[in-house]
Amino acid sequence: MSAPKRVGQHTLQFANPPVIVATASVVGPKEGEGPLGDTFDMVVDDSYFGEETWEKAERKMLEEAVKMVIAKAQLKPQDIDFLLAGDLLNQTISANYAARTLGIPFLGLYGACSTMYEGMALAAMLIDGGFAHHVVAACSSHYDTAERQYRFPTEQGIQRPPTAQWTVTGAGAVLMAPVGNGPRVTHATIGRVLDVGIKDPNDMGSAMAPAAVDTIVRHFQDTGRGPIDYDLIITGDLGRVGLEIATKLLGEKKYDVSKNYSDCGVLIYDHERQDTHAGGSGCACSAVVFAGHLMGKLNEGRYKRILGVGTGALLSTTATQQGESIPGIGHGVVIEG
Amino acid sequence: MAGSTKQPGPPKKPLTLAEQVMQQKQTYDQQAYQRLADSVKPRPRVIVNALNAFWIGGVIAALAQVITLIFASAGLNPRDAAAATVIVMVFLGALLTGLGIYDEIGKVAGAGSIIPITGFANSIVAPAMEYKREGFVFGVASRMFTIAGPVLVYGFIVSVLIGLIAYFFS
C-alpha cells in the first residue's frame, strides 16, 4: 500500500491544501511591549487577566484566542468540528479546561513548545482527509505558570544564566477550512524525538536545535527543495543560542540559511531592553508570532512560501532530576501565501 | 534475604563489539555537539557578577552589623544582640520578598543575596507566596520548604556530626 499523500519518507503533501481562514493571538504585557507588540490581536495589561491565579489566566487567554478566531471567521463554536489544543502544564490543564468551556469536540495535544505546529499539521490532515470542515488548532503558555512548574517560584531571588529563555505569556489559535481566502498549508514534515545529551533545563536552545535541523533536512530531502525555495524558514523557540547552532549545523549539511532563517523566540522580545537573555520560549511563542506577525506578512504577499518549524524541548522536572537528558522535537509545516 | 533486596533488572550481559562501537560513537557525537554548543553559548560575565555579589553581599552584612551595634548599645549582651539581628534580617528579607523587590536584587547580586540569612528568608517566603493558591495546608505549609528544606536537612546533619565530634574529642 502506498501512501498517495506522502512524499519522501516523512513529509505529507496535501492534495487540497487546507486554507488558514483566520488566526488570533492574545498576549501578556511584556509581549505587548516587545517589537511585535502591534501585530497581536489583544494585549492583556495584567498577567492575571482578572483571574485569581496564573493558571486560570492562561486558560482564559486560550479561551479568548479560540473564541476570537471563530468570530473572525464569522462562525460559531458549533460550526467547529474539532479543537486541537495543548499547553505546557501538567495534564495540559489549560487546554482541557478551555475545551470544557468551549464545548467543541476536543483532541488534547502535548508537543511542548512545538504544539502549535503539531496542531496545524494534524488539522490539515483532518481537513484534507475529508474528516472536517472547520478545525481550530490552538495552544497557550504563561511565564508564571511555567516558571513555578519547571523552575523556581517567581519571587525567588536567583540569577538566570545567559542561555535561559523567557516563557511567552499568551495564546494563539488558527482556524482551517477546505476552502476560503487565506494562506494554504501545503506540506508537513513530522518531527523525530532527538536527544543530544543536554541536561541543563536553562539551556533549551541547545537541546532543541538538532531536532529542528533534523526536520528541516528531512523536509528538503523529501521534497527535493532547498533553503532558496522559501522566503523564510522560521523555528519556534530556539532563541539566540539555538538559532546560531542550527545555522551552523545546517551549514555543515551544505544548506546555506544565512539569509532567510529566523526564530520566533528571537523576534518576539527586545533582548537587551526586556532582559530576556537568550529569547522567548513556550507554546505561545511560535503560536502568537505565527498568528500575528507571520500571518500578516503572508496576507500582505510579503512572504509567498514559508517553512515553519515548531520546536519543543520535552522537558520534565522528574526526568531531569533522575539524571535524564532533555529530548527535543521539531514539526515542520509549509504555508503558502 | 540479602539477595532479594537487590535492584531488579535484567542480568548484565557483556556488550558485543558492535554495541560497544555504537555506544562509543554516541558518546563521541554527544561530546562533539556539546563542544559546538559551548562555542556558541554566551559566557556569564563572571567578573561583573562576582563584583556585584561582593558589594551587595557586603552591604547586607554591613547593615546587619549596624543593627547589631544598635542592639548592643541599647544594652543587649553580644549573644542576644546577634539573635535579635538575625530576627530583623529575616524580617527584612521576607518583607522585601513580599514587596517583590528581593528577586530584583537577586537578579543582580546572585550569591551575594542568596548566602546571607535574608536569602534564606526569601527562599521560604517565595514558595509560600507562590503556593498560597493551592491552600494553606498542601500549598503554603507543605511547599514552604521546597528550597530551604535541603539547607535545613543537611545543616542539621552537619551540626549533629560536629556536635558528636566535639563531644568525643574535646
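**A tour of chains A and B**

In this predicted model, start with chain A: the C-alpha centres of its domain 1 and domain 2 lie 17 Å apart. To colour the two, select residues 6–177 of chain A for domain 1 and 184–336 for domain 2, as the domain assignment gives them.

Next, show the contact between these domains. On the domain 1 side of chain A, 59 residues are in contact with 62 residues of domain 2 of chain A. Elements of chain A that each supply at least two residues to the domain 1 side include β3 (19–27), α4 (115–128), β7 (135–141) and β9 (170–177). Pick α4(A) from these: the largest share of that side, seven residues, comes from this helix. Colouring the domain 1 side by class gives 32 nonpolar, 21 polar and six charged residues.

Now move to the boundary between the chains, where 21 residues of chain A are in contact with 28 residues of chain B. Select α6 (204–223) and α7 (239–252) of chain A, each of which supplies at least two residues of the side touching chain B. The largest share there, four residues, is from α7(A). By class, this side of chain A has eight nonpolar, eight polar and five charged residues.

Last, hide chain A and select residues 78–98 and 117–130 of chain B, helices α3 and α6, which pack at an angle of about 45° with axes 8 Å apart. That angle makes α3(B) oblique to α6(B). Their crossing is right-handed. Show side chains where they meet: B:V86, B:M89 and B:V90 are among the α3(B) residues, and B:A121, B:V125 and B:M129 among those of α6(B). This contact has 10 nonpolar, six polar and no charged residues.

Methods. Residues numbered from 1 in each chain as written. Chains lettered and ligands numbered in written order. Predicted model: local features only at pLDDT ≥ 70, side-chain atom pairs only at ≥ 80, totals over all residues. Contact = placed C-beta atoms within 7 Å. Nonpolar A, V, L, I, M, F, W, Y, C, P; charged D, E, K, R; others polar. Axes fitted to C-alpha atoms, helices over the stretch in contact; angles between N-to-C directions. Parallel < 35°, antiparallel > 145°, perpendicular 65-115°, else oblique. Left-handed = near helix turned anticlockwise from the far one by under 90°. Domains from an automatic or database assignment.
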